Amino acid sequence: MNIDFQIILYGIDKNQFGRFYFSKNSKHVNSKAVVLIIHGGFWKDKYTIDSSLIESLPASLINEGYNCYVTEYRRVGSNGGWPNTNNDIVDSFNALNNWIIKNNV
């Protein structure tokens, strides 16, 4: 399966983005449902979207007919922590929603 992703920015910090994963082959996407994924990492700066074990999950979900969105966020040590980390999650999902509407996904 040919999988790609679109970067969606929701702020000016280098950690304020998400990746919308999708199949380039539309027959693999059965619905417009999007699975939202927040990677773990104890909210610490050294654990990022790329250092987590999240990369295999989008392919599995797309294979089951879902698009998915993995969000990155500011963490402790990178201007994160309460309330910035939580605000980033909300802002990221709002940016995804706006992107979906704008692009008729």
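Which residues of helix 1 are buried? I shall come to that after a short orientation, and I should say at once that the model before you is predicted.

The chain contains two helices and four strands. Following the sequence from its start, one meets these elements in the pattern β-β-β-α-β-α. Of the 105 residues in the chain, 37% are buried. Turning to contacts between residues at least 6 apart in sequence, 64% of them join residues at least 24 apart. The accessible surface of the chain amounts to about 6300 Å², and carbon and sulfur atoms account for 53% of that surface.

Let me now return to the opening question. Helix 1 spans residues 56–63, and its buried residues are Pro 58, Leu 61 and Ile 62. These residues lie on the same side of helix 1, because they cover an arc of only 100° around the axis. What do the buried residues of helix 1 pack against? Their partners are strand 1, strand 2 at residues 17–23, strand 3 at residues 34–38 and strand 4 at residues 67–71. Just after helix 1, Gly 65 adopts a positive phi of about 100°.

I close with strand 1, which covers residues 3–9 and includes Leu 9. Is Leu 9 buried or exposed? Leu 9 has a relative accessible area of 61%, and it is therefore exposed, since the cut-off for that term is over 50%. On the surface, Leu 9 joins Phe 5 and Ile 7 in a nonpolar patch. Together, the three residues of this patch present about 280 Å² of accessible area.

How values were computed: Residues are numbered from 1 along each chain as its sequence is written. This is a predicted model: local features need pLDDT of at least 70, side-chain atom pairs count only at pLDDT 80 or more; totals for chains, interfaces and linings use all residues. Side-chain values use heavy atoms; hydrogens and water are left out. Patches are made of residues with over 30% relative accessible area and no salt bridge: like charges are joined within 9 Å, nonpolar side chains (Val, Leu, Ile, Met, Phe, Trp, Tyr) within 5 Å. Accessible areas come from the Shrake-Rupley method with a 1.4 Å probe; for residues, only the protein chains shown count as cover. A salt bridge is a side-chain nitrogen of Lys or Arg within 4 Å of a carboxyl oxygen of Asp or Glu. Buried means under 20% relative accessible area, exposed over 50%, partly exposed in between (1.4 Å probe, protein chains only). The arc is that of the directions from the helix axis to the C-beta atoms. Contact means heavy atoms within 4.5 Å.
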